[in-house]
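Here are my notes on the model you sent round. Please read them with the structure open.

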Amino acid sequence: MTHAVPAVPPAGSADSSWTTWRLLPARVVAMCVVELQKIRHDRTELYTRAIQPALWLLIFGETFSRLRAIPTGKVPYLDYLAPGILAQSTLFIAIFYGIQIIWDRDAGVLAKLLVTPTPRAALITGKAFAAGMRALTQAVAILVLSAILGVTLTLNPLRWLGVIVIVMLGTAFFSCLSMTIAGLAMSRDRLMGIGQAITMPLFFGSNALYPIGLMPGWLRVISHVNPLSYEVDALRHLLIGTPGNLPLDFAVLLVAAAAGITAASALLGRLVR
Amino acid sequence: MSDEKYAVVCRGLRHAFGGAVAVDGIDLDVAEGEIFGLLGPNGAGKTTAIRLITTLLPAGPGMVEVFGRDVSSHRMAVRRTIGYLPQQLSADGALTGRENVELFARLFDVPRAERKERVREVLAAVGLADAAERRAQTYSGGMIRRLELAQALISAPKLLILDEPTIGLDPVARDGVWERIQEVRRATGMTVLVTTHYMDEADQYCNRIALMHRGRIKALGTPGELKAALEPGATLEEVFRTYTGDQLDEPGDNFRDARRTRRTASRLG
């Protein structure tokens with residue numbers, strides 16, 4: 001939407017981009033607190049969402065470990081797979097996160113939030129990081145299960161900090177992608193359909209299950225423009241110590257998240273009209 | 001135009017959705033401290049007018065001022081002065097009453113040191129002190145409305161904007177909501193801008209009323225003036241019918257508006 005800018009803005013009180021930046025941390029905290037309160041009140045989603053990644057690790061992981069069909073060098077396949085499944089399950093949380101914003105629209109919550117001194121970009125960033133909080137609780141469950149299954153995970157606290165940052169950025173991007181689609185699709189049903197249609201291509205068109213080197217040429221191209229590949233690469237590097245390009249991964253995810261926030265904020269106005 | 005005595009000043013306020021003109025040139029002055037009612041059938045443009053005033057829809061420069069500030073250039077400053085209750089039941093059922101209000105305390109930058117106490121006070125003011133730790137999904141319709149009132153009041157707004165605040169509520173709950181609004185207004189001198197379908201409420205609580213129809217204001221005055229202008233002994237209901245045609249519901253004008261209203265009513269049981 002267009003912001004009408006007066007010829008001579010009155011000093012002090014007119015909106016500026018500075019307003020957004022100053023309010024951003026407080027709004028992100030507010031949204032994250034609410035998300036954690038919701039998770040605390042109702043843990044069922046936490047448990048039900050843990051089932052799918054558990055199956056991937058237990059059935060797919062264990063089977064392919066035995067088959068040795070996917071060459072992963074000296075790294076056991078289950079170790080190779082665990083960061084990929086972690087990235088996948090955060091993708092699943094994020095890609096349907098836009099449903100919440102459509103629900104908020106229908107229930108009048110979005111209108112109410114947008115009449116608070118919260119710039120649109122700050123609201124979207126808050127929601128994106130709130131999705132990240134949900135993804136982190138999920139990550140804990142998957143990593144505990146991985147450890148039980150014998151995956152050798154890093155013990156370096158700095159690397160764990162890196163894992164948190166990467167999961168937050170990856171989830172921020174995919175939840176913003178979802179909220180962008182929400183702004184275009186405008187209905188829950190369409191968003192569900194689109195979400196389901198793109199989840200599997202994003203997942204299989206990444207290095208979550210197998211190295212990029214094994215892919216046919218065209219899939220390799222997809223994998224290289226797929227932010228999920230960079231998330232997996234970073235998580236694999238941080239968690240099990242495979243060689244990776246951490247600065248590149250971080251930069252790609254940061255730019256992707258920023259682009260996602262920009263796109264979703266620009267489309268948010270459509271939802272409240 | 002920048003007269004400090006007015007909470008809201010609209011001049012030539014206009015908004016169209018595509019080709020459909022929802023608000024068609026409204027001039028309106030809401031004085032500070034009054035309860036101003038915006039009445040009209042579904043699709044009259046009340047909600048669109050409210051959305052323009054609250055910055056939810058972009059108003060052109062010079063069209064709306066809230067406490068002397070142009071909403072087109074001072075969104076954030078204007079929002080800090082407004083408490084807003086949308087038409088739908090919009091409290092988060094997954095959170096407790098206290099958490100619902102706390103969220104809005106954070107969004108309005110209520111200082112951390114005061115937050116807990118302010119939240120407690122506001123919940124007590126709407127009569128929800130005992131229910132504060134229960135999740136809002138266990139609340140009755142009237143309680144949810146009062147919780148939303150607490151959310152809107154946490155920032156101590158100078159202007160409270162209510163879009164159909166009592167729709168779907170039983171008479172006792174309706175009175176409960178209005179009593180709380182009156183109490184806060186008496187204590188703070190806050191201005192109230194309200195849309196409603198209920199003529200008896202408008203008659204009883206509003207200092208002044210604007211009757212809207214097809215995006216325009218058809219009549220404006222105190223309930224007494226409007227009734228007297230029609231004929232001696234007329235009811236507000238009769239005034240309403242005179243200005244808006246015979247039916248209360250304008251079909252087809254704004255489907256989403258009607259659907260939303262129905263949904264709110266059905267959610268309230």
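The points below take chain A and then chain B.

1. **Status of the model.** This is a predicted model. Please keep that in mind for every distance and angle below.

2. **Aromatic pairs overall.** Eight aromatic pairs turn up over all chains in a search of the whole structure. One of them joins A:Trp56 and A:Phe203. Their ring centres are 5.2 Å apart, and the planes meet at 85°. The pair is edge-to-face, because planes over 60 degrees apart count as such. This pair links distant parts of the chain. A:Trp56 belongs to helix α2 (residues 44-67) of chain A, while A:Phe203 belongs to helix α8 (residues 188-204) of chain A. The two are 147 residues apart.

3. **Burial of that pair.** Are these two rings buried or exposed? A:Trp56 has a relative accessible area of 17%, so it is buried. A:Phe203 is buried too, at a relative accessible area of 0%. The cut-off for buried is under 20%.

4. **A stacked pair within one helix.** A:Phe60 and A:Phe64 form a stacked aromatic pair. The centres are 4.3 Å apart, with 20° between the planes. Why are these residues about one helical turn apart? They are separated that way because they lie four residues apart in helix α2 of chain A. A:Phe64 is partly exposed, with a relative accessible area of 23%.

5. **The aromatic cluster.** Ring pairs tie several residues of chain A into a cluster. Its members are A:Trp56, A:Phe60, A:Phe64, A:Tyr77, A:Tyr80, A:Phe203 and A:Phe204. Both pairs described above feed into this cluster.

6. **Packing of α2(A) on α3(A).** The axes of these two helices are 10 Å apart, at an angle of about 155°. The helices are therefore roughly antiparallel to each other. Angles over 145 degrees earn that label. The crossing of α2(A) and α3(A) is right-handed. On the α2(A) side, the contact residues include A:Trp56, A:Phe60 and A:Phe64. A:Arg49, A:Gln52 and A:Pro53 are also among them. On the α3(A) side, they include A:Tyr77, A:Leu78, A:Leu81, A:Ile85 and A:Phe92. Note that A:Tyr77 appears both in this contact and in the aromatic cluster.

7. **Backbone at A:Arg68.** Phi of A:Arg68 is near 50°. That is a positive value in a residue other than glycine. A:Arg68 sits in the loop between α2 and α3 (77-95) of chain A. It counts as exposed, at 71% relative accessibility.

8. **Chain B in outline.** Chain B has 10 helices and 10 strands. It has 269 residues, and buried residues make up 58% of them. Take the contacts in chain B between residues at least 6 apart in sequence. Of these, 68% join residues at least 24 apart.

9. **Charges over rings.** Two cases in chain B deserve a look. B:Lys158 lies over the face of B:Phe67, 4.2 Å from the ring centre. B:Arg174 places its charged end over the ring of B:Tyr198, 3.8 Å from the centre.

10. **Helices α3(B) and α4(B).** Helix α3 (residues 97-107) of chain B and helix α4 (residues 112-125) of chain B have axes that come within 10 Å. They cross at roughly 125°. That angle makes α3(B) oblique to α4(B). The crossing is right-handed. From α3(B), the contact uses B:Gly97, B:Arg98, B:Val101, B:Glu102, B:Ala105 and B:Arg106. From α4(B), it uses B:Arg115, B:Val119 and B:Leu123.

11. **Backbone at B:Ala156.** B:Ala156 is not a glycine, yet its phi is positive, at about 50°. The residue lies in the loop between α5 (141-153) and β7 (159-163) of chain B. At 57% relative accessibility, B:Ala156 counts as exposed.

12. **A buried arginine.** Where does B:Arg145 lie? It is in helix α5 of chain B. With a relative accessible area of 1%, B:Arg145 is buried. Beyond its neighbours within four places in sequence, its contacts include B:Leu85, B:Pro86, B:Asp163, B:Glu164 and B:Val177. B:Arg145 and B:Thr166 are 21 residues apart in sequence. Their C-alpha atoms are 7.8 Å apart in space.

Terms used: Residues are numbered from 1 along each chain as its sequence is written. Chains are lettered from A and ligands numbered from 1 in the order in which they are written. This is a predicted model: local features need pLDDT of at least 70, side-chain atom pairs count only at pLDDT 80 or more; totals for chains, interfaces and linings use all residues. Side-chain values use heavy atoms; hydrogens and water are left out. Rings of Phe, Tyr and Trp (its six-membered ring) pair if their centres lie within 6.5 Å; planes under 30 degrees apart count as stacked, over 60 as edge-to-face and the rest as tilted. Buried means under 20% relative accessible area, exposed over 50%, partly exposed in between (1.4 Å probe, protein chains only). A charge sits over a ring if NZ of Lys or CZ of Arg is within 6 Å of the ring centre and within 35 degrees of the ring normal. Axes are lines fitted to C-alpha atoms, for helices over the stretch in contact, and angles run from 0 to 180 degrees between N-to-C directions. Angles under 35 degrees count as roughly parallel, over 145 as roughly antiparallel, 65 to 115 as roughly perpendicular and the rest as oblique. A crossing is left-handed if the near helix is turned anticlockwise from the far one by less than a right angle, and right-handed if clockwise. Contact means heavy atoms within 4.5 Å.
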